[in-house]
Structure formats: structure tokens, C-alpha cells
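User: I have a model open and want to go through its helix packing, cysteines and core. Can we take them in turn?

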Amino acid sequence: MTDTASDVASLEQYRTELTGYCYRMLGSAFEAEDAVQDTMVRAWRSFEKFEGRSSVRSWLYRIATNVCLDALNAGNRRARPMDLTAPTPVARAQLNSRPEVTWLEPVPDGRVLPTVTDPAEAAVAKETVRLAFVAALQHLPPKQRAVLILREVLAWKASEVAELLGTSVASVNSALQRARATLAESEPAKTDTDDPLDEDQKKLLDRYVAAFEGYDMAALTALLHEDATLSMPPYDLWLRGHDDIVGWMLGVGEVCRGSRLMPVVANGTPAFAHYHPDPEGGFTPWALMVIEIVDGKVSGITSFLDVKRWFPLFDLPERLEAGAGAGA
């Protein structure tokens, strides 16, 4: 009879990295955690049958891969609004909601990035949970996605991936080549990660907070790239460029005037918990705002509006009191 507590501990030490793997595969924080829980249950139930021909870690990845492939074979592919529609001029902008299963989801770094001591390894980990990168992965067929993540992100050998997938090294190398070619056709935009932020990036974000909380559109415009984007899942609308973003902010988005932002980190990049003024005092949750930065300016703003899902996931307060803000 094995020691159950010891068995569970030997499995649990891999939970965070497995969640990161499943998140990259599935594009959903909640589906990733469900997949890992399913993996752990399956592993625990069959632990006594584990023959040790591979490491526990490899065995868990094999189970997790099968769980993810089963989920992906159901046909769901997560996307960003810009993957589904063209940008809409602000004059024609309408808020059309799509089901939650449509959207690529944000994730807290702590749920998917295990602590590592190698700075280069940490940088790769953050780079590969960025929204743009995970969105690009969703264009790959499931097995190619698994091969690319295992080989390029987790640095597994081709022989190890072949054993995990029950296929040949040649098949793995072929799948990797096809996956690389697909990504090259629509290469994910490079964005700065929180790795950590340098002084210029910190100052940029401080100016962004000041401009947004002060609702100073001239100051905000100065911080945006000319082709910056704004999207607001679960709505499929997205806007591109200074004029349309500012036009939105001064039109339908005017309800954001007087908001407060609290800094967080999501998907390896800077983010803010966005709180709206409450008529009864203080501020209530409005959006999780993920910021993408390129070459010293903001290139993308994604405001995830389903705060009942995102604020608990990120352990964010249910409200801010008057006077709270980015320093909270």
C-alpha cells in the first residue's frame, strides 16, 4: 500500500506548470484548471499502477495532453475580437455580445507560471502566456499545438514528445515544422512583459493611469501607438487608432469618467483592475484591463468586462473606497 499523502504531494508539486500548459492549449483559465484537476484525479486513481518507466512529470503531461486533446476535439477555439471581425469605425460601433466560450481568457501569472531561478526560463514563460501568443496558438490544430508548446516553450526533446504522444520523432518534427509555418503566417505581435518593468515602462503606466483617471484624452492619445487597439470581451467590437478609441471614450465610454485603476499582472503583462464610481460612494468593479506595450507606447487595451469571473480569479477587492486608486 502506498502512502496516499505522499502520492498526492508528488502530484501536486506539478499543478502550476500543468495549469500553464493546459492554459496555452485551451486558452481558458477555468478550463485549464478543470483539465488539471481531471488530470490529478486520473493520476491519483491509477498511481499504484504507475510503472515508473517515465518520470511522474512526464506521466502527468501525457494525461494532461490527452485531457486537453479531448476538450479541443469538441471543436471550441478561443479567440480575441480581432480574430473574428474587422475593426469598426466608432461611428458604426455596436456592442454585440458572444458566448463566453468564444473568448480567450486572461489568467493571473501565479496560476500558470511556476517559480524558476533561471531568468531566461522565466522570460520565456511570461512571453508564452501573453494574450497575443496564446491567441496565435489557437490557430493550430490540437496536436500541432501540443508539439509546439512541448518543444518550443517547455524545451522537451523530440524523442520525449514522441513518447508522450505515442508517435515517431519524424512525426513530431513534421508537426513542429507545420506549426512554425502557421505561426509565421500570422506571427503574434511582440509586447513587453512584466519581467520586471523598467523605469521607462513604469513611468508610461503611471502616465496612463493619470490620463485615464483624469479622463484626459489628449494625454491618453500621446501614450498610444497610432494603430493601438481597444477591445472589450464579451463584445466582438474592437477599435483601432487614436480617433476611434478617443471617440469611443468620449461617447459610449463616457461612463468610465471618474474611474479608478488598481495595478495587477495578467498573462505576463501589466494590467489594471478597473473600478467605476458608485453613486452610493466608492467604486465598484467594471473590467480587468490588460495592457500591451511596444516600443515605449501602449499598443493594445483589452478590457475583460465579466468582472464576476475575473475579479475573484485575481483575488481583487469587491469595491474600492473613495480616495483609492492606482496606489491601492
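The questions below cover those topics for this predicted model.

User: How are helix H9 and helix H11 oriented to each other?
Analyst: Two packed helices are described by the angle between their axes and the distance between the axes. Here H9 (residues 142-153) and H11 (residues 169-185) pack at about 95°, with axes 9 Å apart. Angles of 65 to 115 degrees count as roughly perpendicular. H9 and H11 are therefore roughly perpendicular.

User: Which class of residue, nonpolar, polar or charged, has what count in the contact of H9 with H11?
Analyst: H9 contributes Gln144, Val147, Leu148, Arg151 and Glu152. From H11 come residues including Val172, Leu176, Arg178 and Leu183. By class, the contact has 3 polar, 4 charged and 7 nonpolar residues.

User: How many disulfides does the structure hold?
Analyst: A disulfide needs cysteine sulfur atoms within 2.5 Å. The sulfur of Cys22 has its closest cysteine sulfur in Cys68, at 3.5 Å, too far for a bond. The count of disulfides is 0.

User: Is Cys22 buried or exposed?
Analyst: Buried means under 20% relative accessible area. Cys22 has a relative accessible area of 0%. So Cys22 is buried.

User: Which helix gives the most to the largest nonpolar core?
Analyst: That core has 72 residues. Tyr21, Met25 and Leu316 have the most contacts inside it. Helix H4 (residues 56-72) gives the most, with 10 residues.

User: How many residues does the other core have?
Analyst: This core lies apart from the largest one. Among its residues are Leu223, Leu237, Leu239 and Ile301. Its size is 29 residues.

Note on methods
Residues are numbered from 1 along each chain as its sequence is written. This is a predicted model: local features need pLDDT of at least 70, side-chain atom pairs count only at pLDDT 80 or more; totals for chains, interfaces and linings use all residues. Side-chain values use heavy atoms; hydrogens and water are left out. Axes are lines fitted to C-alpha atoms, for helices over the stretch in contact, and angles run from 0 to 180 degrees between N-to-C directions. Helices (H or I, at least four residues) and strands (E, at least two) are DSSP runs, numbered from the N terminus. Angles under 35 degrees count as roughly parallel, over 145 as roughly antiparallel, 65 to 115 as roughly perpendicular and the rest as oblique. Contact means heavy atoms within 4.5 Å. Ala, Val, Leu, Ile, Met, Phe, Trp, Tyr, Cys and Pro count as nonpolar, Asp, Glu, Lys and Arg as charged, and the others, Gly among them, as polar. Buried means under 20% relative accessible area, exposed over 50%, partly exposed in between (1.4 Å probe, protein chains only). A nonpolar core is a set of buried Ala, Val, Leu, Ile, Met, Phe, Trp, Tyr and Cys residues joined through side-chain atoms within 4.5 Å.
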